[in-house]
Amino acid sequence: MSSEITKGSLQTSFQNTIATVQFGHPASNSFPRELLDQLTAEINDLSRNENISVIVLKSEGTKAFCSGASFDELLQVENEEQGTEFFSGFAHLLNAMRNCNKLIIGRVQGKAVGGGVGIIATCDYVFATPQSDVKLSELAIGIGPFVIEPAVSRKIGKTAMTEMTLAAHAWKSADWAFQKGLYSVLSNAENLDAEVESFTQKLSSYNPEALKEMKKIIWEGTEQWESILFERAAITGKLVLSDFSRDALLQFKK
């Protein structure tokens, strides 16, 4: 496998005022830091693009939507500074999505774990399939969903977030996620793209200034994310160095 492939991929396509951003990685669409940074930069660029009013965020393939952080890179972390820097990648991405001037529509075709759940929770509206089960497995590998917790709790509530977090080995069904508010619409896989397209076409036809103002209102009260997500990254960066976390990550890789 070439180093170019293991970095993953990011592609953006445009249709009228809709931008579709697709990320991918051969390891279940996981995120090495470089790919996280690329996606963050792309969201920031699209936020400044006056010709765009709606963003669709999707991943490649028909299986997993996103399996979170790259285990390979987690195992390469050697000190707290590196650990904090790695998990700050998710902090930067979630803040970019929150601060983006455009509404972000998630298109979720399959399962999501950890950071993938955080990304879904930070979308403004989400289409998913019945195969889109979710799991917060962080406690099982010696850390916790600290960086993404504000996003997940904001979307589904602290009680449901706690239920997911403490049952770290258990999948929650797509229907459970829909009932809790993580997903806005559940659609059969064969209808997913048509429903996303129909919705985004309607949404993009509305007054772009009204959409921009609505985005601000949706995210009122989250200003503290500018600091708290990075404080949480430091907690995770320290924990990932523990013997428990190292052993668990090696077991998961096997």
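## The central sheet

Let's start with the strands: six of them form an open sheet in the order β1-β2-β3-β4-β6-β8, and the pairing is mixed. The edges belong to β1 and β8 (185-186); each has a single partner strand, so one side of each is left without a neighbour in the sheet. Please keep in mind as you browse that this is a predicted model.

At one edge, strand β1 (residues 9-15) runs antiparallel to strand β2 (residues 18-24), and seven bridges join the two. S9 faces G24 of β2 in this pairing. Two residues lie between β1 and β2, which form a hairpin, and N16 in the turn has a positive phi of about 55 degrees.

## Parallel pairs across the sheet

Further along, β3 and strand β4 (residues 103-108) are parallel, with five bridges between them. Here V56 has I105 in β4 as its bridge partner. Strand β4 also pairs with strand β6 (residues 125-128), again in parallel, through four bridges. If you would like a landmark for that pairing, G106 stands opposite V126 in β6.

The pairing of β6 with β8 is parallel too and rests on two bridges. In this pairing, A128 stands opposite L186 of β8. A handy reminder when you look at side chains here: in a regular strand they alternate between the two faces of the sheet.

## Overall shape and packing

Zooming out, the protein has 12 helices and eight strands. Its C-alpha atoms fill a box of roughly 55 × 40 × 35 Å along the principal axes. For 254 residues, a compact globule would have a radius of gyration near 18 Å, and the 17 Å of this protein agrees with that.

Buried residues account for 51% of the 254 residues. Of the contacts between residues at least 6 apart in sequence, 76% join residues at least 24 apart. The exposed area of the protein is about 11500 Å², with carbon and sulfur atoms supplying 51% of it.

## Salt bridges

The structure holds 10 salt bridges. One of them joins the side chains of R33 and D37, at 2.7 Å from N to O. These two residues are four apart in helix α2 (residues 33-48), which means that R33 and D37 are separated by about one helical turn. R33 counts as buried because its relative accessibility is 13%, while D37, at 32%, counts as partly exposed. A network of salt bridges links R33, D37 and E85.

Helix α2 offers another example: R48 and D45 are three residues apart, so about one helical turn separates them. Their salt bridge brings the closest N and O atoms to 2.6 Å apart. R48 is exposed at 59% relative accessibility, and D45 is partly exposed at 41%. Elsewhere, K158 forms a salt bridge with E149, with the closest N and O atoms 2.9 Å apart. E149 is buried, with a relative accessible area of 11%.

## A buried serine and a surface patch

S70 sits in the loop between β3 (54-59) and α3 (71-76). With 7% relative accessibility, which is under the 20% cut-off, S70 counts as buried. Leaving aside residues up to four places away in sequence, S70 touches S30, F31, P32 and F86.

On the surface, M214, I217 and I218 form a nonpolar patch, and together they have about 240 Å² of accessible area. I217 belongs to helix α10 (residues 208-218). At 46% relative accessibility, I217 counts as partly exposed.

Conventions:
Residues numbered from 1 in each chain as written. Predicted model: local features only at pLDDT ≥ 70, side-chain atom pairs only at ≥ 80, totals over all residues. Heavy atoms only, no water. Pairing = 2+ DSSP bridges. Buried < 20%, exposed > 50% of the residue type's maximum accessible area, 1.4 Å probe, protein only. Contact = heavy atoms within 4.5 Å. Patch = residues over 30% accessible without salt bridge, like charges linked within 9 Å, V, L, I, M, F, W, Y side chains within 5 Å. Areas by Shrake-Rupley, 256 points an atom, 1.4 Å probe, with all protein chains shown as cover. Salt bridge = Lys/Arg side-chain N within 4 Å of Asp/Glu carboxyl O. Rg over C-alpha atoms; globule rule 2.2 N^0.38 Å.
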